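Student: I am new to this structure and would like a close look at one part of it. Could you walk me through how some of its helices pack together?

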Amino acid sequence: MPQTVRGVIARAKGAPVTVENIVIPDPGPGEAVVDISACGVCHTDLHYREGGINDEFPFLLGHEAAGVVESVGEGVTDVAPGDFVVLNWRAVCGSCRACRRGRPWYCFDTHNAKQKMTLEDGTELSPALGIGAFADKTLVAAGQCTKVDPTASPAAVGLLGCGVMAGLGAAINTGNVQRGDSVAVIGCGGVGSAAIAGARLANAAKIIAIDLDDRKLELAKTLGATHTINAGSGDVVEAIQALTDGNGADVVIDAVGRPETWKQAFYGRDLAGTVVLVGVPTPEMQLEIPLLDVFGRGGSLKSSWYGDCLPSRDFPMLVDLYQQGRLDLDAFVTETIGIDDVEAAFDKMHAGEVLRSVVEL
């Protein structure tokens, strides 16, 4: 039978979110209903509320989540009721050209649940990134559920569902940081801080954190940064070069996603080094750079989609590292809040006061 639960709804562009009753249908073929334990408040949720993703209001917000599978539909074999899972927004299809080539982390035909969750009056909801996890329960495609160690903290490991995985993967998967590399990370919010943690996991020799906020730079040190640069105190490129024998870093990760920060990454890398763009630009942003500079510096210019992760491969491994004390996911949880506190959490996030507020349900 369909269930009525609470969920955080964005009804109109820029309007404060509300907590309302929503209806969760029974899972159909290939679908699962998940009882949500915790869900992080991500910038993407704010972008949905502000109409920055699309205008398919009303939205059911939340996507960075962990919980327990309550029920599954026909044909679901990878997860079962009672499994503790981290949700992901890129359930791979297994049959597109990327999947057929053995590169499922690039899957070009990811999918979500086919059925719609609704308001009590029958209005269909658009779940954020196909998940909608600021809710007691949500309906997802079963492929969006990745089974992990059930003893792990939901508030911590749920963050792998988006921002933390994006940052870790930008360093480890996309940037291919190697032992002994020098790495610079521009922007030390949740994603950039995770990139710093990823560079430390990869045993980078020098990790340079760059931000305008000294509070974030101090936190970056606890996550693995060996050096910090306040971007407001001088030329960022020169500062990176000064810390790398005048050469620039082997890998520079732009976790901001603006033309000016990308140029800092481009010119702040060593010859034949790698630039990774993981911060998400807005549609109107344009980049102008001499093509000769692109040719003359060589190396790789990459963008990172969700940290080029494969959830079935990466989530269990990273949760194991967390359980072993080798990856401090707890450091990303600034505060835990209730479902009624999401709007206030948006304000704190916008002000740069938190890495993550996490809704516990």
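Tutor: Here is a walk along a run of packed helices, followed by a few buried spots elsewhere in the chain.

Please keep in mind that this is a predicted model. A little background will help as we go: two packed helices are described by the angle between their axes and the distance between the axes.

Let's start with α4, which covers residues 163–174. Its axis and that of α5 come within 7 Å and cross at roughly 45 degrees. That angle makes α4 oblique to α5. The crossing in which α4 passes α5 is right-handed. On the α4 side, the residues that take part are Gly 163, Val 164, Ala 166, Gly 167, Leu 168, Ala 171 and Ile 172. They meet Val 191, Ala 194, Ala 195, Ala 197, Gly 198, Ala 199 and Leu 201 in α5. Sorted by kind, the residues of this contact are 11 nonpolar, three polar and no charged.

Now follow α5, residues 190–201, to its other partner here, α6, residues 214–223. These two helices pack with their axes 9 Å apart, at an angle of about 25 degrees. An angle under 35 degrees counts as roughly parallel, and α5 and α6 are therefore roughly parallel to each other. Here too the crossing is right-handed, as α5 passes α6. From α5 come Ser 193, Ile 196, Ala 197 and Arg 200, and from α6 come Ala 220, Thr 222 and Leu 223. This contact is made up of four nonpolar residues, two polar and one charged. You may recognise Ala 197, which was also listed in the contact with α4.

Next, look at α6 by itself. Leu 217, Ala 220 and Leu 223 are its buried residues. Seen down the axis of α6, they fall within an arc of 110 degrees, so they line one face of the helix. Why can residues spaced like this share a side? An α-helix has 3.6 residues a turn, so residues three or four places apart point the same way. The cover over the buried residues of α6 includes α5, together with the strands β12 (206–211) and β13 (227–230). Turned away from that buried side is a face carrying the exposed residues Arg 215 and Thr 222. After α6 comes Gly 224, with a positive phi near 135 degrees.

Helix α11, residues 342–350, can be read in a similar way. Val 342, Ala 345, Phe 346 and Met 349 are buried there. They cover an arc of only 105 degrees around the axis, which puts them on the same side of α11. Against these buried residues pack β1 (3–10), α1 (43–49), β17 (335–337) and β18 (357–360). Gly 352 follows α11, and its phi is positive, near 75 degrees.

Finally, here are two single residues to find. Ala 265 sits in helix α8, residues 259–268, and is buried, with a relative accessible area of 0%. Beyond its neighbours within four places in sequence, Ala 265 touches Ile 186, Val 252, Asp 254 and Val 275. Gln 144 lies in the loop between β9 (137–141) and β10 (145–147). With 0% relative accessibility, Gln 144 counts as buried. Setting aside neighbours within four places in sequence, its contacts include Trp 89, His 111, Leu 129 and Ile 131.

Methods. Residues are numbered from 1 along each chain as its sequence is written. This is a predicted model: local features need pLDDT of at least 70, side-chain atom pairs count only at pLDDT 80 or more; totals for chains, interfaces and linings use all residues. Side-chain values use heavy atoms; hydrogens and water are left out. Axes are lines fitted to C-alpha atoms, for helices over the stretch in contact, and angles run from 0 to 180 degrees between N-to-C directions. Helices (H or I, at least four residues) and strands (E, at least two) are DSSP runs, numbered from the N terminus. Angles under 35 degrees count as roughly parallel, over 145 as roughly antiparallel, 65 to 115 as roughly perpendicular and the rest as oblique. A crossing is left-handed if the near helix is turned anticlockwise from the far one by less than a right angle, and right-handed if clockwise. Contact means heavy atoms within 4.5 Å. Ala, Val, Leu, Ile, Met, Phe, Trp, Tyr, Cys and Pro count as nonpolar, Asp, Glu, Lys and Arg as charged, and the others, Gly among them, as polar. Buried means under 20% relative accessible area, exposed over 50%, partly exposed in between (1.4 Å probe, protein chains only). The arc is that of the directions from the helix axis to the C-beta atoms.
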